[in-house]
Every structure is written in C-alpha cells, then in structure tokens.
Amino acid sequence: ITLENVLGNIQSMCELAELHNIKVVLCSVTPCDSFPWNPDIKPAAKIFRLNDMIKKYAEKKGIPYVDYYSAMVGKCGEMRPELTVDGCHPNLKGYKVMEPIVLGVIKKITTPLMPKYS
C-alpha cells in the first residue's frame, strides 16, 4: 500500500469521526528502522515521510498533532534503543516518554479558555 493510500485511510477516519462529532487527535508513527520479523524491510524513510504527510494534513485541517517521533528517534531513523523492546515497539521507558507528550496536547485541547480580567 502506498503512503498516499495510508494517508487517505487516515483522512477517511478523521472525516467519519468529525461527522459523528468525535474530536480527532492525530499522532505520529513511532520511529523504526527495521522489523525483527522481516529485517529486509527498512521503514525509517517511509515513516519519516508518512509523519510529515500526517502533520501537514493535521495542520491544514486544524487537527491536534502529537509528535512522538521527534522525542524517540535516533540518528538513523531508529527508535532509540533504551525506549524499545524490539526496535519498533516502545517499552515502559518509551511509553513514559510518550505519555507527557500526548497529555500535553490533550490538556491544551480540553482546557477551557479562561476569561481575561483587566
């Protein structure tokens, strides 16, 4: 499947959610430079590109975007080794990196604006 098709599926899910008054938050794909179950596949560049596509779509539509990727990526597109069990999936330390990032975005979109008093 092409990255454009993946993005199209994400866009369709967003449209359906919004149609049903469901607030949408988009998150980046976490970094990974190889799959232990299929080491011939090297997804790092595609993940980087897909994240860029998702972020641009989120910005265009005014959808909050959660960027896990930037906080978890190593020098070559891999997930930093201390954050993963297998190079692709976060371990407890990885989730502890992710948690404050998503909570920050959720807090931003759920905190009502306070009136300003002079």
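Visitor: Among contacts in the chain between residues at least 6 apart in sequence, what percentage joins residues at least 24 apart?
Guide: The model discussed here is a predicted one. Taking the contacts in the chain between residues at least 6 apart in sequence, one can ask how many join residues at least 24 apart. That share is 59%.

Visitor: What pattern do the helices and strands follow along the sequence?
Guide: The secondary structure of the chain consists of four helices and two strands. Read along the sequence, these elements give the pattern α-β-α-β-α-α.

Visitor: What are the rough dimensions of the box filled by the C-alpha atoms, and what percentage of the residues is buried?
Guide: Taken along the principal axes, the box filled by the C-alpha atoms is roughly 60 × 30 × 20 Å. The chain has 118 residues, and the buried share of them is 35%.

Visitor: What part of the accessible surface belongs to carbon and sulfur atoms?
Guide: The accessible surface of the chain comes to about 8100 Å². The part that belongs to carbon and sulfur atoms is 60%.

Visitor: How far apart are the centres of the positive and negative side chains?
Guide: The chain carries 15 positive and 12 negative side chains. Each set has a centre, and the distance between the two centres is 7 Å.

Visitor: Which helix gives the most to the lining of the largest pocket?
Guide: The largest pocket has a volume of about 170 Å³. Its lining includes Ile1, Leu3, Val6, Val29, Ile47 and Leu50. Helix 1 (3-19) and helix 2 (44-61) each supply at least two residues of that lining. The element that gives the most, with three residues, is helix 2.

Visitor: Is leucine 50 buried or exposed, and which residues is it in contact with beyond four places in sequence?
Guide: Leucine 50 lies in helix 2 and is one of the residues lining the largest pocket. Its relative accessible area is 9%, and because buried means under 20%, leucine 50 is buried. Leaving aside neighbours within four places in sequence, leucine 50 is in contact with Leu3, Val6 and Val29.

Visitor: How far apart in space are leucine 50 and glutamate 4, C-alpha to C-alpha?
Guide: Along the sequence, leucine 50 and glutamate 4 are 46 residues apart. In space, their C-alpha atoms are 8.4 Å apart.

Visitor: Which residues does isoleucine 47 touch, not counting those up to four places away in sequence?
Guide: Isoleucine 47 is found in helix 2 and counts as buried, at 10% relative accessibility. Isoleucine 47 is also one of the lining residues of the largest pocket. Beyond four places in sequence, isoleucine 47 touches Val29, Thr30, Pro31, Cys32 and Tyr69.

Visitor: What distance separates the C-alpha atoms of isoleucine 47 and threonine 30?
Guide: Threonine 30 is found in the loop between strand 1 and helix 2, whereas isoleucine 47 is in helix 2. The two residues are 17 residues apart along the chain, and their C-alpha atoms are separated by 7.8 Å.

Visitor: Is threonine 30 buried or exposed, and which residues is it in contact with beyond four places in sequence?
Guide: The relative accessibility of threonine 30 is 16%, so this loop residue counts as buried. Leaving aside neighbours within four places in sequence, threonine 30 is in contact with Ile47, Tyr68, Tyr69, Met72, Met79, Cys88 and Met98.

Visitor: What is the phi of asparagine 21, and where does this residue lie?
Guide: Most residues other than glycine have a negative phi. Asparagine 21 is a residue other than glycine with a positive value, near 60 degrees. With a relative accessible area of 73%, asparagine 21 is exposed. Asparagine 21 lies in the loop between helix 1 and strand 1 (26-27).

Visitor: Is leucine 92 buried or exposed?
Guide: The place of leucine 92 is in helix 4 (residues 92-110). Leucine 92 and glutamate 82 are 10 residues apart in sequence, with 9.7 Å between their C-alpha atoms. The relative accessible area of leucine 92 is 59%, and because exposed means over 50%, leucine 92 is exposed.

Definitions and conventions: Residues are numbered from 1 along each chain as its sequence is written. This is a predicted model: local features need pLDDT of at least 70, side-chain atom pairs count only at pLDDT 80 or more; totals for chains, interfaces and linings use all residues. Side-chain values use heavy atoms; hydrogens and water are left out. Buried means under 20% relative accessible area, exposed over 50%, partly exposed in between (1.4 Å probe, protein chains only). Contact means heavy atoms within 4.5 Å. Accessible areas come from the Shrake-Rupley method with a 1.4 Å probe; for residues, only the protein chains shown count as cover. Lys and Arg count as positive and Asp and Glu as negative; His and the chain ends are not counted. The place of a charge is taken as NZ of Lys, CZ of Arg, CG of Asp or CD of Glu. On a 1 Å grid over the protein atoms alone, a cavity is a set of points where a 1.4 Å probe fits but cannot get out, and a pocket is an open set with protein on both sides within 12 Å along at least five of seven lines; lining residues have an atom within 4 Å of a point. Grid points are joined across faces, edges and corners, and a volume is the space filled by probe spheres set on the points.
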